[in-house]
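This report covers strand pairing, a buried helix and the empty spaces of one model. Please keep the sequence and the 3D view open while reading.

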Amino acid sequence: MTLDIRTLSPDDLPAWLRAVATGFLRGPEVSEEELKVRREFIDLDRTQGAYDGARCVGTFRTMPQQLTVPGGAALPSCAVTNVTVSATHRRRGLLTRMMANALGAAKDRGDAFASLISAEYPIYGRYGFGPAAWTCEYEVEAVRTGLDRRYAGPPEGEGGVELIDAADVRRLAPELYERFRAQPHRQGVIDRNTLWWQQATGEWRHPEDGYVAPFHVLYRDAGGVPQGLAAYTSDDVWHDKLPHNTATVRYLFGTTTAAERALWHYLLSVDWVTTVRTGHRAPDDVLPLLLPDPRAARLRTHADFLWLRPLDVPRMLEARTYTVPGSLVLGLGDTAGLADGRYRLEAGPDGARCTRTRDDAELTLDIGELGALYLGDETATRLLALGRVTEHRAGAAATADALFRTARRPWCPDIF
């Protein structure tokens, strides 16, 4: 029987959600309550299903996203999510067909690139994605940090921390987060819409989502302006009348180092908390060095996270900033034919111009390697050593490294 791929109708959604739940090993059933809630935000026109007769055996969905690039500008991305193929229907080209449909539509819409969080490393390189930002998670022994455990907030005149409720988060957080993600060194951070904050605060939920209400901590500067926010949960574990509780950070961000410092100090001095799990942090996060004893922060995870697939190369390269002047002709290979060709990049501190050219390429690479380089995390010199770029002018890889280098590594705080 021919395997059919189509965009969803309203009647298709229940079976499609069951296929998603099955693919992610959450069980084969989806409740009416969950179905009702999810109908509100799934754009059926951007949702595909693969069908073997009446049975949904593959799922694929995209959604609009704004992603911060080096320098603080935000570009539109086609965010890919809910990708599954049934174990009974693998190796039949279903993902390839759905991906081609989605990337073609994204190109037509004018999205600068596509983005995703890769559950498995080997899958997405063949579609032109490259690992653009990595993630870390630390487990911190609170009693070993060297910080004052009697902490009650920053010294007088340096701002303060306060516990706030969910309604305050929905009121204050969106504007604060927008200031945070627009900072020049926050490349990789994505937008959080109203729905995100409703989910994070329990206003939007369904009975099976496993939501546990977190504590919310706000940092205000000396002028009373919000500059940082954290959310965390805690377990309740005691042995022999001694606490062994772990606080798990849902998110923590600050527009200033003072805000980050104050929020981490608060979390690491909460009574009865002996361990803090940090959640997703940047691979060069300042946390360990905020501690008098950085060894108290033990690295639990260091892995690829955000992957990018370039679609509009001139728009991408002209939108980001460059700290040094330079010129480079890139030859890009793209088996899908969406962004292949030769491009001349003329860039510097005053801006950038990228145009198609007939000039000989100085550096050739597949489109996914540009995705890895774009946010400043990977280096062309390392890719050259691996045989994944080819240098046609001596020093071209070094030129690329000088141009694409950023002061801080990219970071995407959110799974999507």
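Which residue stands opposite V140 in β13? It is V276. The model is predicted, and the values below are computed from it.

## Around strand β13

β13 covers residues 273-277 and pairs with β6, residues 130-141. The sense is antiparallel, with 3 bridges. The V140 and V276 positions belong to this part of the model, with V276 in β13.

β13 also pairs with β12, residues 245-254. Here the strands run parallel and 4 bridges join them. T246 faces T275 of β13. Between the two strands comes helix α6, residues 257-267: β12, α6 and β13 form a β-α-β unit, and the unit is right-handed.

## A five-stranded sheet

Another element of the model is an open sheet of 5 strands. Its order is β17-β16-β15-β18-β19, and the pairing is mixed. β17 (351-356) and β19 (389-391) are the edge strands; each has a single partner strand, so one side of each lacks a neighbour in the sheet. On average, neighbouring strands are turned by 20 degrees against each other, direction ignored.

At one edge, β18 (residues 363-366) pairs with β19 over 3 bridges in the antiparallel sense. L363 has E391 of β19 as its bridge partner.

## Helix α9

Is helix α9 enclosed or open to the outside? It spans residues 367-374, and 8 of its 8 residues are buried, so the helix is largely enclosed by the rest of the structure. Buried here means under 20% relative accessible area. The buried residues include the charged E369, along with I367, L370, L373 and Y374. G376 follows the helix and has a positive phi, near 100 degrees.

## The second largest pocket

α9 also matters for the second largest pocket, giving the most to its lining, with 4 residues. The pocket has a volume of about 260 Å³. It is lined by 18 residues, and G125, F129, D366, G368 and E369 lie nearest its centre. Two elements, β6 and α9, give two or more residues to the lining. By class, the lining divides into 7 nonpolar, 6 polar and 5 charged residues.

G368 and E369 thus appear twice in this account. They are buried in α9, and they are among the residues nearest the pocket centre.

## Two cavities

How many cavities of 30 Å³ or more does a search of the whole structure find? There are 2. The largest has a volume of about 50 Å³. Its lining is H185, R186, Q187, V189, A282, R408, R409, P410 and W411. By class these are 4 nonpolar, 2 polar and 3 charged residues.

The second largest cavity has a volume of about 40 Å³. R186, E260, R281, A282, D285, R408 and W411 line it. Its lining has 2 nonpolar, no polar and 5 charged residues. R186, A282, R408 and W411 line both cavities.

## An exposed loop residue

R91 sits in the loop between β4 (74-85) and α3 (94-109). Its relative accessible area is 81%, and it is exposed; the cut-off for exposed is over 50%. From R91 to T246, the C-alpha to C-alpha distance is 42 Å. The two are 155 residues apart in sequence. T246 is the residue opposite T275 in β13.

Key: Residues are numbered from 1 along each chain as its sequence is written. This is a predicted model: local features need pLDDT of at least 70, side-chain atom pairs count only at pLDDT 80 or more; totals for chains, interfaces and linings use all residues. Side-chain values use heavy atoms; hydrogens and water are left out. Two strands pair if DSSP finds at least two bridges between them. A crossover is right-handed if, with the strands pointing away from the viewer, the path from the first strand over the helix to the second runs clockwise. On a 1 Å grid over the protein atoms alone, a cavity is a set of points where a 1.4 Å probe fits but cannot get out, and a pocket is an open set with protein on both sides within 12 Å along at least five of seven lines; lining residues have an atom within 4 Å of a point. Grid points are joined across faces, edges and corners, and a volume is the space filled by probe spheres set on the points. Buried means under 20% relative accessible area, exposed over 50%, partly exposed in between (1.4 Å probe, protein chains only). Axes are lines fitted to C-alpha atoms, for helices over the stretch in contact, and angles run from 0 to 180 degrees between N-to-C directions.
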